[in-house]
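Dear colleague,

I am handing over the structure below, and after it you will find notes on what turned up when it was examined. Please read them with the structure open beside you.

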Amino acid sequence: MKRGVLVCMSLVLFMLFCLPVVAQPSTKSVETIVIDDFDTADGKDWTWTVHSSRFIADGFPKSGYVPGIPNSLRPLRTADDPEAMVFGVNVAFDRKGDNWFEIYPATTGDDGELTSYEIPLQGLVTQLDFWAWGANYLYALEVMLRDADGRVHTMKAGTLNYNGWKNLVVNIPKHMVQQSRLRSGPKNLTFVGFRVRTDPAEYVDDFAIYFDQFKYTTHTLDNIYDGFDLRDIDFDAVNGGE
């Protein structure tokens, strides 16, 4: 009996170490996708805009692109890259309290008015990653995402009571629905915007924040299945619309 067991174990070890290793195809291709490097306002489907709560001071909020880059990102630059830029926002409020402002993507409509635009995030998103410059104010930074059921989730990214650049990572909870089970439903999680909230006791006379290198990590093939290309067939166009 013992001899038979030893022979069986020897065969198993032979198969493990002598047979060629065959790579199995992965159904979860992990990628990091840059949403915006903020080096230019051109080439995107949106522009960044800002709106705020009611006690904003006259002439605020102010925003724009300015030269700058976190020191940790400098080695990644090449001589052919354009000048490094970041997107900044300057706000002031007339009084302390529960003040807030939001930085969100928007597009210009046919009437020339800006309308909000939600950035689609491909695949199964596991985390958001960006750099934020803090001015050591006790303000809270939040990220807003809309799931495939239409609900907007407000997620804490951290407090801004530090000086200079900091890399912030927001992990996406597994329970968040990122693709509708319905053929007609949303196919992607979408980014709605950033929100900054003041602490009720913190100063509000002059605050600034900057953003750089906004990206996300995702399993790009997670929502792809055999026959995925048939999901969006337009039956009015089949056979020339007959």
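**Backbone points**

N136 is partly exposed, with a relative accessible area of 41%. The model is a predicted one, and N136 is a place in it where the backbone deserves a look, since this residue has a positive phi of about 65 degrees although it is not a glycine. N136 sits in the loop that runs between strand 8 (124–135) and strand 9 (139–146). As background, most residues other than glycine have a negative phi, and most peptide bonds are trans.

Q213 also has a positive phi, of about 45 degrees, and is likewise not a glycine, but Q213 is found in strand 13. A further point concerns the peptide bond from F60 to P61, which is cis, with omega near 0 degrees. P61 belongs to the loop between strand 2 (47–52) and strand 3 (62–67).

**The chain as a whole**

The protein chain contains one helix and 13 strands, and reading along the sequence gives the pattern α-β-β-β-β-β-β-β-β-β-β-β-β-β. Of its 242 residues, 37% count as buried. The chain exposes about 14900 Å², and carbon and sulfur atoms supply 54% of that area. When contacts between residues at least 6 apart in sequence are taken, 77% of them join residues that are at least 24 apart.

**The largest pocket and Q213**

How much space lies in the largest pocket? The space in the largest pocket comes to about 180 Å³, and among the 14 residues that line the largest pocket, the closest to its centre are I69, L73, L76, R77 and Q213. By class, the lining is made up of six nonpolar, two polar and six charged residues. Strand 13 (residues 207–219) gives the most to this lining, with three residues.

Q213 therefore comes up twice in these notes, as it has a positive phi and is listed with the residues closest to the centre of the largest pocket, which rests on lining residues having an atom within 4 Å of a pocket point. Leaving out residues up to four places away in sequence, Q213 touches V34, D36, D37, F38, L73, D129, F130 and W131. One of these partners, V34, is 179 residues from Q213 along the chain, yet the C-alpha atoms of Q213 and V34 are separated by 7.1 Å.

**Salt bridges**

Side chains of opposite charge can pair when their charged atoms come close. A search of the whole structure finds ten salt bridges, including the three described here.

R77, which is listed with the residues closest to the centre of the largest pocket, forms a salt bridge with D39, and the closest N and O atoms of this pair are 2.9 Å apart. Because R77 lies in the loop between strand 3 and strand 4 while D39 lies in the loop between strand 1 (30–36) and strand 2, the pair ties together parts that are 38 residues apart in sequence. R77 counts as partly exposed, at 26% relative accessibility, whereas D39 is buried, because its relative accessible area of 14% falls under the 20% cut-off.

R195 forms a salt bridge with E142, with the closest N and O atoms 3.6 Å apart. This pair links distant parts of the chain, R195 being in strand 12 (residues 189–198) and E142 in strand 9, 53 residues apart. Are R195 and E142 buried or exposed? Both R195 and E142 are buried.

The third pair is R151 with D149, whose closest N and O atoms are 3.5 Å apart. R151 counts as partly exposed at 48% relative accessibility, and D149 counts as partly exposed at 47%. Salt bridges that share partners also join D98, E102, E142, R195 and R197 into one network.

**A buried loop residue**

N99 is placed in the loop between strand 4 (85–91) and strand 5 (100–108). At 2% relative accessibility, N99 counts as buried. Not counting residues up to four places away in sequence, N99 touches S53, F55, F93, V196, R197, T198 and V204, and R197 in that list is also a member of the salt-bridge network.

With best regards

Conventions. Residues numbered from 1 in each chain as written. Predicted model: local features only at pLDDT ≥ 70, side-chain atom pairs only at ≥ 80, totals over all residues. Heavy atoms only, no water. 1 Å grid on protein atoms, 1.4 Å probe; cavity = no way out; pocket = protein on both sides within 12 Å on 5 of 7 lines; lining within 4 Å. Points joined across faces, edges and corners; volume = space filled by probe spheres on them. Helix = DSSP H or I, 4+ residues; strand = E, 2+ residues; numbered from the N terminus. Nonpolar A, V, L, I, M, F, W, Y, C, P; charged D, E, K, R; others polar. Buried < 20%, exposed > 50% of the residue type's maximum accessible area, 1.4 Å probe, protein only. Contact = heavy atoms within 4.5 Å. Areas by Shrake-Rupley, 256 points an atom, 1.4 Å probe, with all protein chains shown as cover. Salt bridge = Lys/Arg side-chain N within 4 Å of Asp/Glu carboxyl O.
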